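Hello,

Here is the structure I promised to pass on. Please have a look, then read my notes below.

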Amino acid sequence: MTNLSEIKAFSKPLVANLAKLGISNLQGLLLHLPLRYIDETHITAVRDLRAGEAAQVEGEIVHAEVTYKPRKALIARLEDASGQLTLRFLHFYPSQIAALKVGTKLRVYGEVRSGFFGYELVHPTCKAVGEKTTVAETLTPVYPTVAGLTQGSLRKAIAIALTQNGLNETLPAGVYQSLHFPSFAASVKSLHNPPPDADLQGLEEKTTPEWQRLAFDELLAQQLSMRKHYASRRSVDAPQFKQSKQLVSSLLKSLPFALTQAQQKVAIEIERDLTQPHPMQRLLQGDVGSGKTIVACMAALQSIESGWQVALMAPTEILAEQHFRKMLGWLTPLNIKIAWLTGSQNKKDREAAMQTIADGSAQFVVGTHALFQEAVQFKKLGLAIIDEQHRFGVQQRLALRQKGQPEPHQLMMTATPIPRTLSMSYYADLDVSVIDELPPGRTPIVTKLVSDVRRDEILQRVREACAQGNQAYWVCPLIEESEALQLATANDTYALMQHEFPELKIGLVHGRMKPAEKQAVMAAFSAGETQLLVATTVIEVGVDVPNASLMVIEHAERMGLSQLHQLRGRVGRGAAKSTCILLYQNKLSETARARLKVIYESNDGFAIAQADLNLRGPGEFLGVRQSGVPMLKIADLNRDAALLNVAKNMAEKLLKEHPAEVEQHLERWMGSAGELVKV
Ligand code: ADP
Ligand code: MG
């Protein structure tokens, strides 16, 4: 791969500026594609100008002056055969005053506005017109750039790059023709310099055949890379477990419920993976309350019965604590020793826990991020289970995998369902199991959207619900910009509730509390000792208190869709009919209204996630995961969903039949590393 510093015509400062754009090699520069285009291929007569449209005009300066009222400005009049036009500059250099001398012939380009004295251009680009000035033969590209690198320099650099032999075709002959795409070389050349009659709208929307060809190539590279990862896992050793003969069936017998069909199906998929000599990397998806924990516990027992340790990791202390208690309840009767590890433990407890993990006497370890720490050594880690995986970064998961020798199996769980296009692209290196049904006997949650002006009625509802022996959550407004304000809001809300409901026992939980305090509050709520729990979004993930059947969320319009869905999933976990009330401030923006409508209309995590993806885009949606995964630059999963399907099938075929082309293709699209970060 050609490094930019090897190109003779490139100066050091140019190479340094390109590096700031993340471009280090020829392929990167060739694939630095325009954001938009300007049309300097023809000249418009002043008479034919239209407000709101960009145009190029040529004429002679007939007047120029610097005015001071209402503010300093350089104003000139340009005249062609059909009329006159004002040029206006609010910031300017002395050299520009000189360039606009009366009598100068100029070609100017800018967006036309209707001004007081007819049409005007504000800050147009200006070029002196000489004898030999011609109009541009192609549309002029406008690139993303950084300070210090002008469009002009970038255009020149790319023009040179286009002559450097970097445009070889990486798709086998016949493949792109059969898809009705132009060649790679033709696409890149045309996108940098489209012909004057090009479809401007298609170019902007990236729907022209040239854009589509490159979007396809990018998606194909992602597929190839993911599939290669997937395949390379087969060459890595992992502990091979036997099917459980005893522990799993003992656990199932002790439960007060039977597994749903969906739980049985995914349990079998996981069990089969664990009998393989290669590491499992499976994502278990299931909406909130679908019962993922018991499935994970079955996998854990298979590991333990085969003599290997299990780690279960949760993103918050509250959730880790809850898992720990649940596991104690389920597994103590089976004589399984469980250790507990969090960052907030005192040193003595932690060291004791670490000792049992290291000597192997702890068969099952439950904890938070603390499990990632280097000091934590497992005797024989066979399976790592990660709850709410979207909360963890790629690096953290990697760290956990490195805690076993051979590599442990990994089970990741998420209640934020991953839309199909995402799981086909960013998650294509993982196997996916889906729990697509809820346990029976759950009455669906009723969601209500209520304006904040009707707060009194809502308070009354809380009073009634608690009087009938139910429990309720009151979720404080989210204040993202300041933790101190968030804390103040939580305390204020708590005080208000105490004042409002002197007859109730009320708890308060927020992110700034000490873990032990948090646990005590959650335990009291779980045991029914408190009836109302005032909480921040710390209760968003996983918390399971079946008797809670009412939730009020203040300022719901501030929260993300998946977040609201998670929060709402804290109720409706028992047999009682549950309600979630979304309080909003009046004067909702258009988008806020659209988002609340989604949550109001749907109880289906998948539909909500898809809407969330559409509203926020994959970068936001994927959150931390993006830190280790290159994001798509050209392709768009919504617009190009059909291409994604084709790329997926093509990837399988090319890997089998054209390994050499595959390598070239990956080198072009994945940089010199040629590989995605391992996830
Ligand atoms: P999530 O998938 O959100 O993590 P949990 O595993 O916390 O859900 O399960 C939610 C609740 O449903 C728990 O109280 C759990 O014990 C219960 N549960 C799980 N599976 C079943 C089932 N098949 N029938 C009835 N209740 C179940
Ligand atoms: Mg859970």
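**Ligand site**

In this predicted model, a backbone N or O atom of Gly 289 sits 2.6 Å from an oxygen atom of ligand 1. Two further backbone contacts belong with that one. A polar backbone atom of Gly 291 is 3.0 Å from an oxygen atom of ligand 1. For Ser 290, a polar backbone atom and an oxygen atom of ligand 1 are 3.4 Å apart. How much of ligand 1 does the protein cover? On its own, ligand 1 has 560 Å² of accessible area, and the protein covers 88% of that.

Now the wider shell. Ligand 1 is surrounded by 17 residues. Gly 289 is among the closest, along with Ala 258, Lys 292, Thr 293 and Arg 442. Which classes make up the shell around ligand 1? There are 6 charged, 6 polar and 5 nonpolar residues.

**Cysteines**

I also checked for disulfides. The search covered the whole structure and found 0. Take Cys 466: its nearest cysteine sulfur belongs to Cys 580 and is 15 Å away. A disulfide needs two cysteine sulfur atoms within 2.5 Å, and Cys 466 is in none.

Is Cys 466 buried or exposed? Its relative accessibility is 6%, so Cys 466 counts as buried. The cut-off for buried is under 20%. Cys 297 also falls in the buried class, because its relative accessibility is 1%.

To look at the site yourself, start from Gly 289 and its 2.6 Å contact with ligand 1. For the cysteines, start from Cys 466 and Cys 580.

Best wishes

Methods
Residues are numbered from 1 along each chain as its sequence is written. Chains are lettered from A and ligands numbered from 1 in the order in which they are written. This is a predicted model: local features need pLDDT of at least 70, side-chain atom pairs count only at pLDDT 80 or more; totals for chains, interfaces and linings use all residues. Side-chain values use heavy atoms; hydrogens and water are left out. A residue is near a molecule or strand if one of its heavy atoms lies within 4 Å of it. A polar contact is a pair of N or O atoms within 3.5 Å; within protein, one must be able to donate a hydrogen and the other to accept it, and residues adjacent in sequence count only if both atoms are side-chain atoms. Accessible areas come from the Shrake-Rupley method with a 1.4 Å probe; for residues, only the protein chains shown count as cover. Ala, Val, Leu, Ile, Met, Phe, Trp, Tyr, Cys and Pro count as nonpolar, Asp, Glu, Lys and Arg as charged, and the others, Gly among them, as polar. Buried means under 20% relative accessible area, exposed over 50%, partly exposed in between (1.4 Å probe, protein chains only).
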